[in-house]
Structure formats: C-alpha cells, structure tokens
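Work through the exercises below with the sequence and the model open. Each task is followed by a solution in steps.

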Amino acid sequence: MATIRSYLTPLAAAKPKAASGWPARLRVHSVSRLPLRSYGSLVAKRRCFAEKSWSEEHGQSSLAFGKAVDPESSAAEEEAILDPAVLALGRTHQSEEELEELNSVLQENNELDGNGLRSLSGVELDAIVEEIVESRNLPDENVEENEGDQEGLVSKGLLDVVEEEEETDKQERPRASTTRNIVFVSSEAAPYSKTGGLGDVCGSLPIAFAARGHRVMVVSPRYLNGVSDKKFVNATDVGVRIKIYCFGVETEVAFFHEFRAGVDWVFVDHPSYHRPGNPYGDSHGAFADNQFRFTLLSYAACEAPLVLPLGGYTYGEKCLFLVNDWHASLVSVLIAAKYRPHGVYNDARSILVIHNLAHQGIAPASTYGNLGLPSEWYGALEWIFPPWSRMHALDNGEVVNFLKGAVVTSDRIMTVSQGYSWEITTVEGGQGLNELLSCRKFALNGVVNGIDVDEWNPASDKHIPFHYSVDDLSGKAQCKAALQTELGLPVRDDCPLIGFIGRLDYQKGTDVISSAMPELLQDDVQFVMLGSGDQQTENWMRWAESAYKEKFRGWVGFNVPVSHRITAGCDILLMPSRFEPCGLNQLYAMRYGTVPVVNCTGGLKDTVENFDPFANDGTEQGTGWRFSPLCKESMLSILRVAMQTFREHKVSWEGIMKRGMMKDFTWDSSASQYEEIFDWAFTDPPYSR
C-alpha cells in the first residue's frame with residue numbers, strides 16, 4: 001500500500017491548482033509541515049466522537065491521516081485526504097458549508113510571504129478547530145468515558161495515534177525558520193559505515209536537520225565487504241545509471257536508496273567499493289585507488305540532486321552541499337569548474353566541514369589529468385611542499401591536494417568545534433594549510449558535534465548493569481562496583497577509578513599516559529584502558545596489567561558494550577590528546593556523570609569547563625579539569641587535584657557530576673547553529689564563479 005509520503009511528493013512536484021479556495025502550496029505540505037499538536041489533545045478526542053457519529057450514520061469509516069491511503073481511491077479522494085480542512089476535523093466527508101467555513105477561517109489566519117502562505121502553528125489551528133467543533137455542538141465526552149464505543153471507531157490505531165501525539169506535544173521539537181534542500185556528501189555514515197567521528201556526525205546530524213523541517217539527502221558509497229552487506233539490505237536500486245568520465249575511461253555508477261528517519265540515504269554503487277577491509281584500506285594499508293574511488297563519489301554526489309526522483313521529484317539545483325573532509329572535497333571544485341560555467345548550481349552553495357585536517361587527500365601532481373577537470377583549474381588543487389619536507393633531492397614537492405581545493409572553492413568552511421577552527425589557522429595546527437585558512441578566516445566557523453542522547457543515556461542504556469539519572473545517582477556507584485568486579489579489580493568505592501577510551505596513537509597522547517603511569521600508580525588509584533592501534537602501546541598495556549595487577553587493566557581492541565560500562569563505571573575519564581577537532585568521549589563521560597580531565601585543545605577546550613570552587617559566590621562552576629601544556633608533569637598535577645576533590649570534597653564532586661549531566665549536547669542544539677551559518681552562505685553570492 002502506498003503511504004501518505006508517496007502521495008505528497010508527486011503532488012508537490014505537480015503543484016496542483018487550489019480547490020475550494022484552498023491554497024495549493026499549503027494544502028500539499030500540510031501533512032508534513034503542521035505540528036503534531038494540531039492533531040492532538042481535546043480536539044482529537046472530539047474528532048473521535050465526530051467520526052463515530054458519521055460512521056454510524058453512513059455505515060463506514062473514512063479517517064485517513066496516520067494510515068495508508070487506499071490505492072484504489074480516486075484522485076479527488078486522495079486530494080481530500082491531504083486537505084488540512086479535512087485533516088483538522090479528522091474525517092474526509094465534510095459538508096461543503098463546513099469546508100468553506102474552515103477554509104475561509106484558516107486563510108484569514110495565514111500571512112502572505114514571498115512564496116505564498118505559511119503553515120499555521122499548532123496553537124492557531126487548535127483554536128480554530130475548537131471554535132468550529134463547538135459551533136457544531138459536538139459533545140465534550142472524554143475518550144476514557146467512551147472506551148466501549150471507541151472500539152467501533154475508524155480503526156483501533158487512531159487511539160494509539162492520539163496518545164502518541166499527546167506525548168509528542170510535550171517534547172515538540174523546534175523547526176527551522178528557513179527550510180532547505182541539504183545534501184551531505186561523506187565517505188561514511190553510521191550505521192552503514194563508520195570508522196570514527198565522521199561516521200557518527202553524518203549518521204546523526206542529517207536526522208536532526210530532517211526533524212527541523214529540511215529535506216535531507218546523504219550520499220555515501222555502498223561498501224560491500226562481506227560483513228557490512230546486511231546494513232544495506234533495505235536500500236533498493238533506484239534504477240538510475242550515470243556515466244562519469246574520469247581517469248581516462250567512462251565509468252558507470254548506480255544509486256541505491258533508503259528512506260529512514262526522514263532522510264534520503266543514497267548509496268553510490270561501483271565495484272571499487274566492494275572489497276574486504278574498511279572504507280579506506282585493509283591490513284596491508286590504504287587502498288591504492290582511493291583517489292579514483294572518492295572522485296567517483298564526488299561526481300555522483302553532484303549528479304544525485306539532479307537525476308534522482310526521490311519520493312517522486314528531484315532535489316533540484318538550489319541545494320546546500322555539506323562536503324565532509326577530503327573524500328568529498330572535489331564536490332566544491334566540480335560545482336565551480338564544471339557546473340556553474342554552464343548555468344547549473346548557480347543558486348547552490350557548498351560548505352566544507354573539516355573533521356580532521358591531518359588527512360588532506362594528497363596525490364602526485366601527474367594525477368590531475370585523471371580528475372576530468374579543466375586544465376585552468378589546476379591551481380585550485382596544486383600544492384607544493386616546502387623543501388624540508390620533500391622525500392629526496394629530485395622531489396619538487398608538487399602534488400594535488402583535494403582538501404586544499406575545497407578550501408579555495410567552498411562558500412564557507414566549518415570545523416567541529418570553535419577551538420579547532422582557530423587552531424587550524426596557526427602554524428602548529430594548520431598542517432601546512434594555515435595561511436590559506438587564515439585568508440578565509442571571515443568564512444570560517446566552528447560548531448561542536450552533538451551526541452545520540454538516546455543511545456548514550458544512563459537512565460536507559462542497555463549496556464550497563466544499573467541505571468541512574470541526575471536526580472538519582474545511586475546507580476553510578478553500582479556501575480562502578482560492577483565494572484571493578486568484571487575487570488577483577490578490588491571493589492572499592494573510596495578509590496578513584498580513572499579510564500581511557502580511544503585509539504592508541506600519538507594524537508591521543510597514549511605515550512604521555514605510559515610515561516606517567518609508574519608515578520601515577522604509586523597513589524591509591526585504579527586505571528583502565530580500552531583501545532587498539534599502535535602495536536608498541538598494545539604491548540605496553542599487556543605488560544602494565546601484569547606489573548600492576550591490583551591497579552591497572554588494559555583491554556586491547558574495541559568493544560561497544562565495554563566502552564559504555566567503562567564510561568558509566570569510572571569516576572574520571574582521561575583525554576590527553578595532542579589535538580582533538582571535537583572529541584566525543586568527553587561528551588559521553590559528562591552525560592554519564594564521569595568527570596573529564598582533558599588537555600586544553602580543540603573541542604576538549606570548548607566542551608569541558610574548568611572546575612572553580614570559588615565561582616558564583618562560592619556555589620562553584622565547572623564540569624571537569626583542563627591542563628596545559630601537554631606533558632607528564634602537568635597531567636599528573638591536575639589528576640592529583642581531581643583525585644583529592646573526589647576523596648575530600650564529596651559535595652563539590654557531586655556538583656561537578658550533575659553540571660556535566662545537565663549539559664545540552666543534543667544534535668538539535670548543533671543543528672540550530674549550523675542553520676545560522678547556512679543563512680550566511682546564502683546571503684553572499686557564490687565564492688567561486
């Protein structure tokens with residue numbers, strides 16, 4: 001059976017004429033744009049009674065919203081089902097007098113804007129419907145008082161809809177003031193593909209945008225490696241094939257599509273994405289054809305809004321492309337070099353989102369001819385390494401740099417924290433691109449990532465043995481005891497338990513941890529590490545566990561349930577990262593009442609507020625501790641302060657925990673900040689024309 005959504009999109013594409021004096025634009029979008037509040041509370045209950053009365057009179061039921069539309073119904077009936085006047089009163093059969101009255105009242109309560117009429121708010125529609133219901137002298141019986149009669153209503157599912165909508169009223173999400181067609185382009189998107197924070201962002205942020213009223217598409221490769229295949233089982237072949245000319249050949253790619261959580265998930269399909277390993281390489285290293293694989297992704301992403309009739313109509317040219325890291329950076333260059341010269345995407349904008357500047361997509365300069373770009377655009381991607389960094393005396397340092405191409409052609413540039421947006425303009429953090437990024441500082445912004453507050457919720461987390469909340473922290477101590485038991489450590493509530501979760505590499509500062517461990521473990525403390533990566537660090541973890549049997553545990557590898565239990569069970573989470581574009585573990589830790597101790601860098605500096613016991617007239621402030629510079633001495637010093645606070649100042653410690661748990665790190669908060677930057681991008685003309 002066709003769903004309401006499948007009827008909405010063709011109608012929107014066709015832009016039907018208004019019927020019964022009702023504006024077509026408002027009628028077509030009513031189901032998707034009117035808040036759920038418009039169908040809930042007392043008015044919905046009265047509609048139940050009204051529908052019951054009509055059903056008894058006519059011997060049938062016709063309520064349509066919340067149900068699939070009968071495919072055999074006529075076009076007129078389908079249009080009636082989508083009419084807000086019909087939906088407002090909860091039935092498709094209204095007298096002409098009733099419809100005309102409601103339509104006229106609704107029109108009077110709308111205000112004209114540049115594109116037509118806006119949708120009514122839930123409060124306004126409730127008030128109008130209430131007035132008309134009362135004028136018809138409909139009874140005010142409560143649903144609960146007519147429980148027996150309600151079984152004969154339209155469908156039993158209606159009552160469930162009403163209950164769900166009333167619950168949704170309490171948690172009504174804000175909507176964007178201006179809705180847009182947003183296209184995410186990324187090499188990974190959870191849950192389909194993920195190797196780190198990039199997958200988390202591109203798997204969660206699009207859903208937040210869709211919930212705020214935007215139309216959102218995510219374009220990512222369809223990786224089939226024998227393990228991830230089942231994740232794409234619901235994605236179906238769209239039936240569209242395009243031919244891309246690059247690397248001296250014409251290559252055909254296909255598109256697969258899944259509509260989930262209000263987002264169009266589009267997967268580019270090509271044999272180069274079907275191989276064992278992760279999205280970028282296998283046990284032998286990075287794939288040698290990554291430049292080809294992600295060039296295909298960029299071309300396909302540029303074509304997708306133009307050729308894919310998702311839900312019945314395409315996204316069109318007026319899109320906002322969010323290109324993530326170097327893998328998608330060629331999108332901004334292609335729009336400027338190959339589309340706008342032919343009048344396509346003149347009204348589109350592209351924003352580069354940098355998740356990690358250390359990875360830039362560098363390849364030999366000779367490969368530029370493979371990209372299918374005009375020769376005059378070589379300068380956009382050209383990059384010359386300084387003499388001290390060249391491989392040998394005959395190396396002239398010339399390369400093509402995908403990320404640099406996006407830096408000089410994107411309309412705006414974003415990073416995943418404000419601190420990181422400043423760091424990448426410095427010599428120390430700019431990875432060679434600091435001067436270019438400094439020149440575009442006026443268009444550079446940072447927004448901290450959010451987290452999935454449903455998955456990371458100590459009150460309902462399925463991976464932890466006991467649940468707790470900011471109002472009842474008793475489960476936190478129980479989680480600590482359970483973790484100590486699981487790891488074989490002495491169960492001691494008075495001993496601070498410190499944790500580390502992350503990759504074992506130089507960026508994460510694991511060398512600082514290993515150098516400080518002998519001195520740290522002289523204190524009365526327990527330490528647990530979870531991670532994989534550098535082989536030498538993995539071997540050190542095994543040695544440390546045997547050397548400090550009563551105080552240290554190392555878990556080599558990565559395990560999601562264990563990471564949740566460590567986050568919930570530890571008192572302190574240590575993050576001595578050398579640089580951290582955003583960081584998620586400190587956000588998870590604060591959500592679980594675990595106090596973060598972090599190096600003062602990037603997103604760690606933005607999200608962890610230093611504890612100050614004397615602030616706010618002695619009422620304290622802060623959610624953790626930051627230390628700087630990154631060295632063994634400063635890290636040990638701040639850890640001792642944290643451990644002393646844990647042992648001797650329980651009230652202050654509980655205050656730190658609760659302030660962290662009450663922080664708003666939802667994706668909706670991040671999405672609202674993104675939207676402001678979107679407005680700036682469309683205010684200015686295209687940066688590259």
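## Exercise 1: the parallel sheet

In this predicted model, six strands form an open sheet with parallel pairing, and their order is E19-E18-E17-E20-E21-E22.

Task. Identify which strands stand at the edges of this sheet, and explain why one side of each is left without a neighbour.

Solution.
- Step 1. The edge positions are taken by strand E19 (552–556) and strand E22 (625–627).
- Step 2. Each of the two has a single partner strand, so one side of each lacks a neighbour in the sheet.
- Step 3. From one strand to the next, the twist averages 20°.
- Step 4. For the E19 edge, the partner is strand E18 (residues 526–531), paired with E19 in the parallel sense over five bridges. In this pairing Val528 stands opposite Arg553 of E19.

## Exercise 2: helix H17

Task. Find which strands helix H17 lies across, and describe how H17 packs with helix H20.

Solution.
- Step 1. Helix H17 (residues 474–487) lies across strand E17 (497–501), E18 and E19, and runs at about 70° to E17.
- Step 2. H17 also packs with helix H20 (residues 560–569); the angle is about 125° and the axes are 8 Å apart.
- Step 3. An angle of about 125° is above the 65 to 115 range for roughly perpendicular and not over 145, the cut-off for roughly antiparallel. H17 and H20 are therefore oblique to each other.
- Step 4. The crossing of H17 past H20 is left-handed.
- Step 5. On the H17 side the contact involves Lys476, Cys479, Lys480, Leu483 and Glu486, which meet Arg565, Ile566, Thr567, Ala568 and Gly569 in H20. Sorted by class, this contact has four nonpolar, two polar and four charged residues.

## Exercise 3: H18 against H24

Task. Describe the packing of helix H18 with helix H24: what is the angle, and how far apart are the axes?

Solution.
- Step 1. Helix H18 (residues 510–520) and helix H24 (residues 632–648) pack at about 55°, and their axes are 10 Å apart.
- Step 2. This pair is therefore oblique.
- Step 3. H18 passes H24 in a right-handed crossing.
- Step 4. Val512, Ile513, Ser515, Ala516, Glu519 and Leu520 of H18 meet a set in H24 made up of Lys632, Met635, Leu636, Leu639, Arg640 and Met643. The classes in this contact are eight nonpolar, one polar and three charged residues.

## Exercise 4: the antiparallel sheet

Task. Give the strand order of the three-stranded sheet, and state which helix packs on it.

Solution.
- Step 1. The order is E12-E14-E13, in an open sheet with antiparallel pairing.
- Step 2. Strand E12 (362–364) and strand E13 (382–384) are the edges; each has a single partner strand, so one side of each has no neighbour in the sheet.
- Step 3. Ignoring direction, neighbouring strands here are turned by 45° against each other on average.
- Step 4. E13 pairs with strand E14 (residues 398–401) in the antiparallel sense over three bridges. Glu382 has Val400 in E14 as its bridge partner.
- Step 5. Helix H14 (residues 402–409) packs on this sheet and touches E13 and E14, its direction making about 60° with that of E14.

## Exercise 5: confidence

Task. Locate stretches where pLDDT is below 50.

Solution.
- Step 1. The protein chain has a mean pLDDT of 81, with 75% of its residues at 70 or more.
- Step 2. One such stretch is residues 110–123, which has 34 contacts in the model beyond near neighbours in sequence.
- Step 3. Over residues 138–163 pLDDT also stays under 50, and the model has 30 contacts beyond four places in sequence for them.
- Step 4. Where pLDDT is low, predicted coordinates should not be read in detail.

Note on methods: Residues numbered from 1 in each chain as written. Predicted model: local features only at pLDDT ≥ 70, side-chain atom pairs only at ≥ 80, totals over all residues. Heavy atoms only, no water. Pairing = 2+ DSSP bridges. Helix = DSSP H or I, 4+ residues; strand = E, 2+ residues; numbered from the N terminus. Axes fitted to C-alpha atoms, helices over the stretch in contact; angles between N-to-C directions. Contact = heavy atoms within 4.5 Å. pLDDT = per-residue confidence, 0-100. Parallel < 35°, antiparallel > 145°, perpendicular 65-115°, else oblique. Left-handed = near helix turned anticlockwise from the far one by under 90°. Nonpolar A, V, L, I, M, F, W, Y, C, P; charged D, E, K, R; others polar.
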